[in-house]
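Trainee: Got a minute? I'd like to walk through this model with you.
Mentor: Sure, pull it up.

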Amino acid sequence: MDEETISYIIRPILTEETHLLRDFLYEAIYVPPGVEPPAKEVVDIPELKLYIDNFGKRIDDICLVAECCGKVAGAVWARIMNDYGHIDDRTPSVAISLHKEYRNRGIGTRLMKEIIELLTVKKYGKVSLSVQKSNYAVGMYLNLGFEIEKETDEEYVMVKVLA
């Protein structure tokens, strides 16, 4: 499957699909090559659970999915929360992930462009995210206009000002 031949649609997540965010949150955890992935239960720790807990119940919860052949292949979601990418109480933080077989095909970039457009229409001034410095997705975020706001030894907090 390459980007030209893979067929997918981007659409809002359905209420009955929000349980899928647990798996996508796990997939969003960057695991460097050669490192053992954490147990799936890692998403239950408070710092991660806040990305998905009661998702869809808050007015600022927004999620789009990429659907391929009737299967949800990826998700991008945003909410205002005090997470790793938090910059203020008016700026949504975004998380994105795709199942491995759908990565590096342009789907993630398209998901990000679509949620940026949606957040812009909803009149948010900025969007933020947190990413491991060694994650290949850093390049995608820079190409989409995100700028490094803060950094630690291992992570960047990146922000995109919305039109």
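**Walking through the model**

Mentor: Start with Tyr141 and Phe146: both are buried. Buried means under 20% relative accessible area, exposed means over 50%, and partly exposed is in between, with a 1.4 Å probe and protein chains only.

Trainee: Before we go on, what kind of model is this, and how are residues numbered?
Mentor: It is a predicted model, where local features need pLDDT of at least 70, side-chain atom pairs count only at pLDDT 80 or more, and totals for chains, interfaces and linings use all residues. Residues are numbered from 1 along each chain as its sequence is written, and side-chain values use heavy atoms, with hydrogens and water left out.

Trainee: What is the mean pLDDT of the chain?
Mentor: The mean is 94, and 97% of the residues reach 70 or more. pLDDT is the predictor's confidence in each residue, from 0 to 100.

Trainee: Where is confidence lowest, and where highest?
Mentor: Lowest in helix 2, at a mean of 94, and highest in strand 1 (residues 9–12), at 98. Helices (H or I, at least four residues) and strands (E, at least two) are DSSP runs, numbered from the N terminus.

Trainee: Back to the rings. How many aromatic pairs does a search of the whole structure find?
Mentor: One. Tyr141 and Phe146 make an edge-to-face pair, 5.9 Å centre to centre with 65° between the planes. Rings of Phe, Tyr and Trp (its six-membered ring) pair if their centres lie within 6.5 Å; planes under 30 degrees apart are stacked, over 60 edge-to-face, the rest tilted.

Trainee: What does UniProt list for residues 8–163?
Mentor: The unreviewed UniProt entry lists "domain: N-acetyltransferase" there. Such annotations may be inferred rather than shown by experiment. In the model, the span is 22% helix and 29% strand, and its end C-alpha atoms lie 27 Å apart.

Trainee: Let's do strands. How many residues of strand 7 are buried?
Mentor: Five of the seven in strand 7 (residues 155–161), so that strand is mostly covered.

Trainee: Which sense does its pairing with strand 5 take?
Mentor: Antiparallel, over seven bridges, with strand 5 covering residues 126–132. Two strands pair if DSSP finds at least two bridges between them.

Trainee: And how many bridges join strand 6 to strand 7?
Mentor: Four, and those two strands also run antiparallel. Strand 6 is residues 147–151. One bridge sets Glu147 against Val159 in strand 7. Strands 6 and 7 form a hairpin, with three residues between them.

Trainee: What stands opposite Gln132 in strand 7?
Mentor: Glu155. Gln132 itself lies in strand 5. Gln132 counts as partly exposed because its relative accessibility is 23%.

Trainee: What does Gln132 touch?
Mentor: Skip residues up to four places away in sequence, and Gln132 touches Tyr30, Val138, Glu154 and Glu155. Contact means heavy atoms within 4.5 Å.

Trainee: Switching to helix 1. Which of its residues are buried?
Mentor: Leu21, Phe24, Leu25, Tyr26 and Glu27, within a helix that runs over residues 20–28. Their cover includes helix 2 (46–49), strand 2 (62–68), strand 3 (71–79) and strand 4 (93–98).

Trainee: Glu17 next. Is it buried or exposed?
Mentor: Glu17 is buried, because its relative accessibility is 12%. Glu17 is in the loop between strand 1 and helix 1. Apart from neighbours within four places in sequence, Glu17 contacts Arg11 and Val72.

Trainee: How many disulfides are there?
Mentor: Zero. The rule asks for a pair of cysteine sulfur atoms within 2.5 Å.

Trainee: Why is Cys63 too far for a bond?
Mentor: Because its closest cysteine sulfur, in Cys68, is 17 Å away. Cys63 is also buried, with a relative accessible area of 6%.

Trainee: And which cysteine sulfur is nearest to Cys69?
Mentor: That of Cys68, 3.8 Å away, and Cys69 is in no disulfide. Cys69 counts as exposed, at 78% relative accessibility.

Trainee: Last topic, backbone angles. What is phi at Asn54?
Mentor: Positive, about 55°, although Asn54 is not a glycine. Asn54 is in the loop between helix 2 and strand 2, and is exposed at 52% relative accessibility.

Trainee: What about Asn104, what is its phi near?
Mentor: Near 60°, again positive in a residue other than glycine. Asn104 lies in the loop between strand 4 and helix 3 (107–121). Asn104 is exposed, at 67% relative accessibility.
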